[in-house]
Amino acid sequence: MEDERTIPADQGGVLAALGCATLVDAMGRVHGHRAHILPMASPDPGRPLFGLAATIAYMPWRDDLEQSSRTFADYYYSALGSTPSGKVLVLSSGGFPEASHGGGTKLSRAAHHGLAGVLADGRLRDFGQLRAYPFPTWCRGEATRWGGDTVMPFMADVAVEFGGVCVTPGDYAFADASGAVIIPARSLERVLDAARRIEAEEDRAARDIRREEYPGA
């Protein structure tokens, strides 16, 4: 599925200022489905992630299927299409979130092609390399062992399950140190409006709390 949309340069900063928790609350006001992903690990936790999701679905490894003879690069290019810049590569777990789904060498492609980040529902290797890349990475933790005999990429550019959330190609993905949230493409502005209202409500509540008198004082 090709997606020619672009993200305004300042949009990621807007979401980062609001924060994942506020965005999750806003999603709850706009939609009824689960959209939040619990906190993840990153080689550089100070870097939030935001971009359009491009998906690769993983499955348990088998040696008798056509997919087992294909490479990660085949699925990578299929997922990203002709417009990789600004996209977030989203990797499902394949049922093995503790297995390695890639590392610094495979994901160096993301640096070459201007990706906005990598979001993996499994572990990744080579945190030192990933930390040096110009994009943020969030995953289930660092791995040391190769995982190619445990899970394999199976399909690209399809809906995937990620931490209990349905992610479809073209959704917006945001992640920071408190977790991640998946926002449907058509809902981004509504979610941002709701998040700003929530932020204003919380500011008013904090001011009211500061004015409270301690009982019996």
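This is a short walk through one strand, two helices, the aromatic residues and the cysteines of the structure above. Keep in mind that the model is predicted.

I will start with strand β9, residues 172-176. Is β9 enclosed or open? Five of its five residues are buried, so the strand is largely enclosed by the rest of the structure. The side chains go two ways: Y172, F174 and D176 point to one side of β9, while A173 and A175 point to the other, and all are buried. Note that D176 is among those buried residues.

What does β9 pair with? Strand β2, residues 49-60, runs antiparallel to β9, with four bridges between them. To give one register point, L52 has Y172 of β9 as its bridge partner. Strand β10, residues 179-183, is also antiparallel to β9, here over five bridges. A register point for that pairing is A173, whose bridge partner in β10 is I182. The connection between β9 and β10 is a hairpin with two residues in between.

Next, helix α1, residues 11-18. Which residues of α1 are buried? They are Q11, L15 and L18. Their arc around the axis is only 60 degrees, so they sit on the same side of α1. As for the spacing, an α-helix has 3.6 residues a turn, so residues three or four places apart point the same way. The buried residues of α1 pack against α2 (20-30), α6 (188-211) and the strands β2, β9 and β10. That brings β9 back into the picture, as one of the elements that the buried residues of α1 pack against. After α1 comes G19, with a positive phi near 90 degrees.

Now helix α3, residues 72-80. Its buried residues are F72, A73, Y75, Y76, A79 and L80. These cover an arc of only 165 degrees around the axis, which puts them on the same side of α3. Their cover includes β2, β3 (87-91), α4 (108-112) and β6 (151-156). So β2 turns up twice: it pairs with β9, and it is part of what covers the buried residues of α3. Just after α3, G81 has a positive phi of about 60 degrees.

Helix α3 also takes us to the aromatics. The structure holds four aromatic pairs. One of them is F72 with Y76: the ring centres are 6.1 Å apart and the planes are at 35 degrees, so the pair counts as tilted. The two residues are four apart in α3, about one turn of the helix. F72 is buried at 7% relative accessible area, and Y76 is buried at 1%. Together with Y77, F72 and Y76 form one aromatic cluster. Separately, R70 lies over the face of Y75, 4.4 Å from the ring centre.

Last, the cysteines. How many disulfides does the structure hold? The number is zero. Why is C20 not bonded? The closest cysteine sulfur to that of C20 is in C139, 16 Å away, which is too far for a bond. For C166, the closest is the sulfur of C20, at 17 Å, again too far for a bond. The two residues differ in their surroundings: C20 is buried, at 4% relative accessibility, whereas C166 is exposed, at 52%.

To close, the point to take from β9 is that five of five residues are buried, with β2 paired to it and β10 paired to it as well.

Key: Residues numbered from 1 in each chain as written. Predicted model: local features only at pLDDT ≥ 70, side-chain atom pairs only at ≥ 80, totals over all residues. Heavy atoms only, no water. Buried < 20%, exposed > 50% of the residue type's maximum accessible area, 1.4 Å probe, protein only. Pairing = 2+ DSSP bridges. Disulfide = S-S within 2.5 Å. Phe/Tyr/Trp six-rings, centres within 6.5 Å; stacked < 30°, edge-to-face > 60°. Lys NZ or Arg CZ within 6 Å of the ring centre and 35° of its normal. Arc of directions from axis to C-beta. Contact = heavy atoms within 4.5 Å.
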